[in-house]
Amino acid sequence: RNVSAFLNKKNQTYILDILEKNMKTAFLFSGQGAQYQGMGKDLYEEVIVKQTFDEASETLGYDMAELCFTENEHLDQTQYTQPAILTVSIAYYRLLKEHGIIPDAALGLSLGEYSALVASNALSFTEAVALVAKRGAYMTEAAPAGSGKMVAVMNAPIETIEESCHEASKYGIVSPANYNTPQQIVIGGEEKAVDEAVLLLKEKGFKRMIPLNVSGPFHTAILEPAAKKLAKDLSQIQFSEPSFPIISNTTTEIMKKETIAGLLEQQVMQPVRFYESIHKLKTIGIEQVIEVGPGKVLSGFMKKIDKTISVLRVENKQTFDETIAIL
């Protein structure tokens with residue numbers, strides 16, 4: 001195909017490299033925060049995309065297309081955000097699969113782990129979309145909007161961040177919540193304790209810290225009540241062995257049928273170890289990743305984690321066409 005119609009000259013060598021060899025590919029599935037009004041709309045006319053939206057609507061009892069495509073107050077509410085992102089992600093996954101593009105492995109950022117498990121046939125889409133709707137509700141109950149705080153700490157040693165959180169924990173719950181890249185670690189917890197950790201880091205000479213506008217301090221001990229409620233729902237699901245390796249956010253190890261429920265329970269209140277998970281993908285031979293779902297957060301992280309891994313993405317018709325043209 002004439003891929004130059006999609007990509008500039010800077011990428012021609014990269015394209016030729018891909019075409020010359022069959023690169024082992026992993027899919028990275030979007031997490032909460034990637035949502036936006038209109039996500040999925042320009043691919044909605046694809047039959048498999050519409051079928052996926054209809055399947056979610058029937059399962060949840062509300063119109064998923066209306067939630068994603070029209071201006072409303074619900075899309076940014078966690079109990080709606082999570083099934084919406086899962087729906088868009090799986091719709092795109094199914095579309096890629098129709099075009100013969102199947103991953104050799106996968107992982108997702110927090111919520112995205114459910115998309116990865118659906119893609120690998122470890123659980124059904126209808127089970128997953130119902131489950132994440134409950135997960136979102138439990139997380140909101142445990143950490144209502146405005147409770148707690150999350151701050152991205154930039155360019156500080158991991159050991160120093162962890163040490164500062166430990167020192168500040170006498171003021172309340174505070175811990176690393178997201179190990180996004182080696183240069184960006186998000187800490188979260190109760191406001192007073194997070195503020196103390198930030199103060200300690202500043203005293204140690206680290207000045208670049210960015211408060212995040214998030215629904216709540218997820219992936220911290222504050223979410224333990226949500227994890228316990230979710231565990232009851234997880235116990236009712238019969239998981240299957242994933243058809244390709246899924247890397248756990250929590251342990252950075254390959255998930256097995258018998259470990260999935262426990263890992264999903266722990267994931268709610270344990271930190272997301274994203275960049276370590278990418279390193280794990282590399283150890284099993286992954287040379288290329290495709291970010292699947294709304295947004296391009298994970299593609300941005302990849303530039304900071306390992307530039308030797310090629311990055312593509314599918315979040316709309318343009319990026320889908322570009323990816324298909326290359327692959």
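I will go through the salt bridges in this structure, which is a predicted model.

Searching the whole structure gives 13 salt bridges. I will take three pairs and one network.

Start with Glu163 and Lys204. They form a salt bridge, with 3.0 Å between the closest N and O atoms. Glu163 sits in helix α7, residues 158–168, while Lys204 is in the loop between α8 (191–203) and β6 (209–211), so this pair ties together parts 41 residues apart in sequence. As for exposure, Glu163 has 40% relative accessibility, and so counts as partly exposed. Lys204 is also partly exposed, its relative accessible area being 32%.

This pair does not stand alone. Which residues are linked in a network of salt bridges? Glu163, Glu167 and Lys204.

Next, Lys280 and Glu253. Their side chains meet in a salt bridge at 3.4 Å, N to O. Lys280 belongs to helix α11, residues 274–283, and Glu253 to the loop between α9 (224–234) and α10 (260–267), so here the parts tied together are 27 residues apart in sequence. Lys280 has a relative accessibility of 22% and counts as partly exposed; the cut-off for buried is under 20%, so Lys280 falls outside that class. Glu253 is partly exposed too, at 41% relative accessible area.

The last pair is Arg273 and Glu276. Again there is a salt bridge, and the closest N and O atoms are 3.4 Å apart. Arg273 is partly exposed with a relative accessible area of 24%, and Glu276, at 27% relative accessibility, is likewise partly exposed.

Notes
Residues numbered from 1 in each chain as written. Predicted model: local features only at pLDDT ≥ 70, side-chain atom pairs only at ≥ 80, totals over all residues. Heavy atoms only, no water. Salt bridge = Lys/Arg side-chain N within 4 Å of Asp/Glu carboxyl O. Helix = DSSP H or I, 4+ residues; strand = E, 2+ residues; numbered from the N terminus. Buried < 20%, exposed > 50% of the residue type's maximum accessible area, 1.4 Å probe, protein only.
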